[in-house]
Every structure is written in structure tokens, then in C-alpha cells.
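I am opening a notebook on a structure that is new to me, and I will write down what I looked up and what came back.

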Amino acid sequence: MAHRFSRLWHTIIVFFCAMFVLSITVFTVARLAPGDPLQAFYGERIDRMSTEEQSAARLRLGLDKPLYIQYIQWVTHGLHGDFGISYKYREPAMHVMADMAGNTLLLGIASYLTVFVIAIILALICALYEDRWPDRLLSTIGTIANYIPSFWLGLLFLLLFNVNLGWLPGSGAYAPGESQNLLSRANHLILPLSVMVITHVWYYAYIIRNKLLDETRADYVLLAKAKGLSRRTILIRHCLRNVLPTIISVMAVSANHIVGGTYVVEAVFSYPGLGMLAIESAKYHDYNLLMLIVMLTGCFVIASGLAAQAINEQLDSRLQHDEGQVI
């Protein structure tokens, strides 16, 4: 119990230290980056403003203070849920981000679940037909797909299914005025989700496939074969169950990979999510919104990494305990 409490405190300390370093890095890079936030806030009117008016505008936006004072104010307000206003949208950055976060969450979760369901199915097929044509065909296709850049495949899908065939929408998360229409959302999700699955699935399928093949060479498999069980039954009922810790471990560490891919796909398909919003924020020097998105993403990446480490340690201790019982 004391060991678990110590590990929990260690994880919390590491998390907040990492977030502190990330906040300093994000704020400094954003503030020192080229561009003027006033340009994003006032647009073309900035060219007609006098020097005094620009100085007054900087004073109102808090851009006149030294960098370290701005950072302290940003962190202090952020701890109370106030991350400033979006210079482009002229409303609280948190509200702007919240409107887009749901779309990213939908695409991310759908991609995450679909990738691993298909990865497990492909791994089982390859393990069932080891070194035969289904295994070799899937391995070849999967290896090629794994090396295709997601942005290139997305552009290809746009050209084929949207521009040439007109079968599927090429942008947006839903048709205008149909945000509550599940069919419209699903239709707009097909192309981004397809790109995510094709470019990510084999990486995980290959790991699970190899683990399943290693498991088929265990002594209990030979005993099961001697009892007359088919290879399919052995794989599904016994081998798959025994490699579940590996699958869970891979799923735990893959969250960051999936999130990164989601942001790229959003940019290609103009999907209104956090990835697309981050690009727009950088383009228009909307630093408050950009910093909030980066901080949220960094928080998720750090938290998921620590969670993956905790899950791996827990699974490893259980495996060691089980092996000790067998011995």
C-alpha cells in the first residue's frame, strides 16, 4: 500500500513538473514567434491605427508588460480557467476550443477503436495462416500502407472520392445546419477515418501478429494440438487471451500516436477540430488560442504516457506473479 502511494505521488510530481516546463516553453516560443497579435485582433484596421492607438491596444490586451509578467498572469488566470481571448474569434479561447474539441474527440475515439479492432482481426488471420498466402498478402499490403504518408493518402482520397466521383464530402464535420444529424456526421467521418485506419493499423497488427506467433510455440499449444483442438480454436480461446496484456500495453502507449495522426488528417480534410484550429491559430498569430491547444495536447500526451507506464508496470508485476505460481 505504501509503495502504491509513493508511486502515485511520484507520478503526480512528474506530471506537474512536465506541465510546468511545457508551459514555459509554449509561452516563450509563442511570444517570441514572428507576427503581431494585434494584426490578428484588428485585422486590416491595424494599418490605419496610430502609434498611440496601437500602444493603447497593447495595454488593453496585456501585451505591454515584460515577458515574465505576462507569463505569470497567463498561468494565474489559466489556473482559474481563463486563458485569455482568441484574437481571431474575439471570444474566450476556452469557448472556441470547446466548440472544436468534440469533433476531434469523435474522430480520435473512432480511429482508436477501429484501428485496434481491425488490427486484432488482421493479426489473427495472419497467425492462422502463418507463411501462407493470406499472411504474406496482408503483410505486404500492410507494410506498404504503413509507409504511406497520411497527408498524401488523404489528398488522394479527396481527389478520387470527392472531386472525381463525388461520393463523399471532402471537408467539414457535418452538412451545414445538420450538427445533430448522426448520418451526416458519419458520412463526413468516412474519409478521415479511412486514412487514419489505413496508415496506422498494420503497425499494431504486426506487433500483435508476432506476439500471437510466439505464443503458438508454447508448450501448452502443443498439448492442445495433441488433444485435437484446431489452430483457430487455440488462437482465439487460448493464445489471444494470453497476449491480452500485450495488446492492452500497446493500446496504452498508442494514444499519442493516434492523436498526432488525427491532427494531420484534420488539416488535410479541413475537419473542424483541434488540429485544424491549431493551424489557423498559428497562421493568424492567435497565440492565446494556440497556447491553449498546445497545452491541452501536451497535458493529454504526458498523462497518457504516465498512464501507459503505470499500466505496463502493473501488467508486468501480474505476469511475474503468475509465472512464479507456475514455477
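How much area does the protein chain expose, and what share of it do carbon and sulfur atoms supply? I noted first that I am working with a predicted model. For the surface I found that the protein chain exposes about 18,600 Å², and that 66% of this area is supplied by carbon and sulfur atoms.

Next I looked up burial, and I wrote down that 39% of the 327 residues of the protein chain count as buried.

Then I turned to the fold. I counted 14 helices and zero strands in the protein chain, and reading along the sequence I noted the pattern α-α-α-α-α-α-α-α-α-α-α-α-α-α. For the contacts in the protein chain with a separation of 6 or more, I found that 73% come from residues 24 or more positions apart.

My last entries concern aromatic rings. I reminded myself that a pair of aromatic rings is described by the distance of the centres and the angle of the planes. With ring centres required to lie within 6.5 Å, I arrived at nine aromatic pairs. For Y71 and W74 I noted ring centres 6.3 Å apart and planes at 50°, so I entered this pair as tilted. Why are Y71 and W74 separated by about one helical turn? I traced this to helix α4 (residues 67-79), where Y71 and W74 are separated by about one helical turn because they are three residues apart. I also checked their accessibility, and both Y71 and W74 are buried.

Finally, I recorded one aromatic cluster that is formed by Y112, F116, Y203 and Y204.

Conventions: Residues are numbered from 1 along each chain as its sequence is written. This is a predicted model: local features need pLDDT of at least 70, side-chain atom pairs count only at pLDDT 80 or more; totals for chains, interfaces and linings use all residues. Side-chain values use heavy atoms; hydrogens and water are left out. Rings of Phe, Tyr and Trp (its six-membered ring) pair if their centres lie within 6.5 Å; planes under 30 degrees apart count as stacked, over 60 as edge-to-face and the rest as tilted. Helices (H or I, at least four residues) and strands (E, at least two) are DSSP runs, numbered from the N terminus. Buried means under 20% relative accessible area, exposed over 50%, partly exposed in between (1.4 Å probe, protein chains only). Contact means heavy atoms within 4.5 Å. Accessible areas come from the Shrake-Rupley method with a 1.4 Å probe; for residues, only the protein chains shown count as cover.
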